[in-house]
Amino acid sequence: IAMGWPTEAVFEQQFRNPIHQVQKFFKHRHPQHYKVYNLCAERTYQSQCFENEYHRVRFLDHNICPLEQMGILCSDMEEFLKDAAANVVAVHCKAGKGRTGMIIAAL
């Protein structure tokens, strides 16, 4: 699943994914079978927002992911997806295009 930043800020909810709607989607559609990958180096969640989050590999907007770190990300995603047939991964950066698209294409 590719998505933009799940925002907690009320103003940003006009043009980004409201965090409460994203949480509701995953709890309803993929309960206990999802992992959210945050690729944003410039942003973090204010608190733990999802049951299963990944923050170890993050990089700045308009930059490429270092090849070694890309391998780490893809290996983690592949391992999670193989754990159960119902598992899904959700990848996001700020807008859900550049960094997100690159990592999904690499997977």
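Where does Gln32 lie? In this predicted model, Gln32 is found in the loop between α1 (19-29) and β4 (34-38). The backbone at Gln32 has a positive phi of about 60°, although Gln32 is not a glycine. Most residues other than glycine have a negative phi. Gln32 has a relative accessible area of 67%, and because exposed residues are those over 50%, Gln32 is classed as exposed.

A positive phi is also found at His62, where the value is near 65° in a residue other than glycine. His62 belongs to the loop between β5 (53-54) and α2. The relative accessible area of His62 is 77%, and His62 is therefore counted as exposed.

The loop that holds His62 leads to α2, and helix α2, which spans residues 67-83, contains Met77. Is Met77 buried or exposed? Met77 is buried, because its relative accessibility is 0% and the limit for burial is under 20%.

The surroundings of Met77 were examined with residues up to four places away in sequence left out. On that basis, Met77 touches Tyr37, Val89, Val91, Ile103 and Leu107. One of these contacts, Tyr37, falls within the residue range of β4 (34-38). Another of the contacts is Leu107, which is separated from Met77 by 30 residues in sequence. In space, the C-alpha atoms of Met77 and Leu107 are 7.8 Å apart.

Note on methods: Residues are numbered from 1 along each chain as its sequence is written. This is a predicted model: local features need pLDDT of at least 70, side-chain atom pairs count only at pLDDT 80 or more; totals for chains, interfaces and linings use all residues. Side-chain values use heavy atoms; hydrogens and water are left out. Helices (H or I, at least four residues) and strands (E, at least two) are DSSP runs, numbered from the N terminus. Buried means under 20% relative accessible area, exposed over 50%, partly exposed in between (1.4 Å probe, protein chains only). Contact means heavy atoms within 4.5 Å.
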